[in-house]
Every structure is written in structure tokens, then in C-alpha cells.
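Biologist: Could we go through this structure together? I should like to start with the overall picture and then turn to particular contacts.

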Amino acid sequence: MSNNAKPIALQSELDKTVSSFENLLTPVEEAPEEVQAEQAETSPEDVVETEMEAEAEVEAEAEVEVEDDFEEGEEVEQSLEEQTEVEEELQPNAYTVKIDGVEQEVTLDELRNGYSRQQDYTRKTQELAQQRKSFEDQQSELAKKDAIYAQLLPQLEASLNGELENEPDWSALYESDPIGYVREKDVWEEKRKKLDAAKAENKRLQEEAMQKQQKQIQDFVDYGQKQLKERIPEWSDAEKSQKDKLAITNYAVNELGFTQDEVNQVIDYRVLLGLRDGMLYRKQVAATKKKPTQKAASRVARPGTANKPKTATPVKKAKMRLAKSGKVQDAAKVFEQLI
């Protein structure tokens, strides 16, 4: 028995069992007197019973520990499942949409935000379109009023000129009717003021119409310059363009009979294209005439076919007529076909 053994009164059943096993392993002659007395008091049946009780306690404690571990495992597994469910709920669902022909995945929040922005953009676009339409309607109404005003203003000016055409003899009127003189003089001066105002307003309208017309002409000229550069790419070179335009001017003056002032007043790019086509065609005809002509070999038509001369197009006919005659009327016909 160990020297640190507890007193028998303080020993538990497990301690007693352990002590009993130690006593069995200890020789009788070496066992202390206390142990020998205890062995004398304890029967083999008591030892077996004590051992069984100890084993039951150990098994019970082991079962409790296993149950505790199983419950803790279930709690951990349930916690993990709940965490996974929360993460799945928090994770946004993805939707496939096509943007500019490319499929992309977006979340529901992004779809909502995009729809909200689209609705806001559509609303603002509609408001802007309504405002623009309202502005255009107002401009149209003002244009109509200005047109009526511009028509009535000369009539008012002519009427006032007619009323002021015969000026009274103010001296005779003053001597005959001083009070009437004052009244007629005031009316006369009032009409003169209205006439001066009508003349000034009419002049202002004419100046505005002139400025508007000049702006329209300038816009058309700018548009024509762009069209010419698109249709004649080599005119992007300023030197080449100036050289060709000078040749076209000489062709129009010397061969078609235009005056220099008439050529200078041409602002329609289509007229310039027609003059250029006529000049190039005239050069082509002149170059063809210089080449020696060769008789073309007659071709034998196949059975069932007929040799029909190809008809020229109206534009080609007009150009040929212009090249032969060089008349202004034929040039106008070319322009008509081009337009």
C-alpha cells in the first residue's frame, strides 16, 4: 500500500477498490497491519461488488462524456448549417443580361438601380422633348406674327405717307383758327412721329432679314464645301482645289459664255460639279479626237441575237450636247439631269 494512502474513513468506493487490488498484489507478510485488518474485515464478495460498482461508475462517466461530445458536435454542425444558410441568403442572386451584344451577370440590386436610372433618363428625355416641342411651337408662332407684322408695317408707312402728303398752310390756319391750329399741329406731329418709327422699324426688319439670309447662304456654302471634299477627295489639297476651280472658271467663261460675275455668284456646289463634269468631258473628247482612229472589226452575231446599239443615258446625252454646242441652255440641262 502506498504511504500516501487516505484513511479508510475518507476513502471512496473507487479508492477502496484500488486499495483492495494493491493488497491482493502485496504479500501477506509484507502487508501492514491496517491492511491486514481491512482484508480481514472485507470478504471476497464485497471486493467483487465494489469492483462492479466502480466499473459502473466509470462506464457512466464515459457515457456522459460521449453524450456531451455528441451534443457539442450536433450544436457545432447546426451552427455551421445556420451560418451557411445566412451566407446564402446574404449572397445576391446573379442574372444574365445582354448589354451591347455581350452577356453579363448582374445582381438584383444592379438591375433595380439600372431600371431606376433608365426610368429617370426616359422621364428627363420626355421632359426635354416636350420643352423642345413647346419652344419650337413658340418660335413658329412668333415667326408667323413677325411675318404678319412685316407685311402690315409697310402698309402703315404708306398710309401715314399719304396722310402727310398734303401739309396744311399753318400760317393761314393760325390766323383763321388759332385753337384749331394747335389741335391740327399736334395731330400732324404725332403722325410724323409714327411715320418715323414705322420707317425705323421697317429698316430694322430688313436688316434682320438680310442677316438671316446671309447666314443661311453661308451655312449652305459650308455644307457645299464639305460635299465637294467628300465627292472630290483630291480637293482636300488647297493648291489642287484652287487650280481646278480656276480651270472650271475659264471653261465656263471661255467655252460656255458665262460672265465672270455670273461665275462668282455661283454658290450651289451642284452647279460647280456640273461645270467640272462638262470640262472633264470636253477634255476627254478632245483627247479622243487627237488619237488615230482604227476601224473596228465587224463581229458576226450569233444566231438568234441582234446587234442593238447601246443607248446613252440622259446625263451622258446632255453632256455630249453641251460639249458640242457650248450653250448656256445645254449646261442648264446638264444641271437638271444631275439634280
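The conversation below goes from the overall fold to helix packing, salt bridges and a surface patch.

Modeller: Please note at the outset that this is a predicted model.

Biologist: Understood. How many helices and strands does the protein chain have?

Modeller: The protein chain has 11 helices and 2 strands. From the N terminus on, the order of elements is α-α-α-β-β-α-α-α-α-α-α-α-α.

Biologist: And what share of the residues counts as buried?

Modeller: Of the 339 residues in the protein chain, 17% are classed as buried. The chain exposes about 27600 Å², and carbon and sulfur atoms supply 51% of that area.

Biologist: Let us turn to packing. At what angle do the axes of helix 7 and helix 9 cross?

Modeller: The axes of helix 7 (residues 238–255) and helix 9 (residues 269–290) cross at roughly 80 degrees and come within 9 Å. Helix 7 is therefore roughly perpendicular to helix 9.

Biologist: Which residues meet there?

Modeller: On the helix 7 side they include Ile-248, Tyr-251 and Glu-255, and on the helix 9 side they include Leu-272, Arg-276 and Met-279.

Biologist: Does Arg-276 have a salt-bridge partner, and if so, which residue is it?

Modeller: Arg-276 forms a salt bridge with Glu-234, with the closest N and O atoms 3.3 Å apart. This pair links distant parts of the chain, since Glu-234 lies in the loop between helix 6 and helix 7 and Arg-276 in helix 9, 42 residues apart.

Biologist: Is each partner buried or partly exposed?

Modeller: Arg-276 counts as buried because its relative accessibility is 16%, under the 20% cut-off. Glu-234, at 38%, counts as partly exposed.

Biologist: How many salt bridges are there in the structure?

Modeller: The structure holds 10 salt bridges. One of them joins Lys-191 and Glu-163, with their closest N and O atoms 3.2 Å apart. Lys-191 lies in helix 6 and Glu-163 in helix 4, so this pair ties together parts that are 28 residues apart in sequence.

Biologist: What about a pair within one helix, Arg-123 and Glu-127?

Modeller: Both lie in helix 4 (residues 108–163), 4 residues apart, which is about one turn of the helix. Their side chains meet in a salt bridge of 3.2 Å, N to O.

Biologist: Changing topic, which residues form the nonpolar patch on the surface?

Modeller: The patch consists of Ile-217, Phe-220, Tyr-223 and Ile-267, with about 340 Å² of accessible area together. Phe-220 is located in helix 6 (residues 178–231) and counts as partly exposed at 30% relative accessibility.

How values were computed:
Residues numbered from 1 in each chain as written. Predicted model: local features only at pLDDT ≥ 70, side-chain atom pairs only at ≥ 80, totals over all residues. Heavy atoms only, no water. Patch = residues over 30% accessible without salt bridge, like charges linked within 9 Å, V, L, I, M, F, W, Y side chains within 5 Å. Areas by Shrake-Rupley, 256 points an atom, 1.4 Å probe, with all protein chains shown as cover. Salt bridge = Lys/Arg side-chain N within 4 Å of Asp/Glu carboxyl O. Buried < 20%, exposed > 50% of the residue type's maximum accessible area, 1.4 Å probe, protein only. Axes fitted to C-alpha atoms, helices over the stretch in contact; angles between N-to-C directions. Parallel < 35°, antiparallel > 145°, perpendicular 65-115°, else oblique. Contact = heavy atoms within 4.5 Å.
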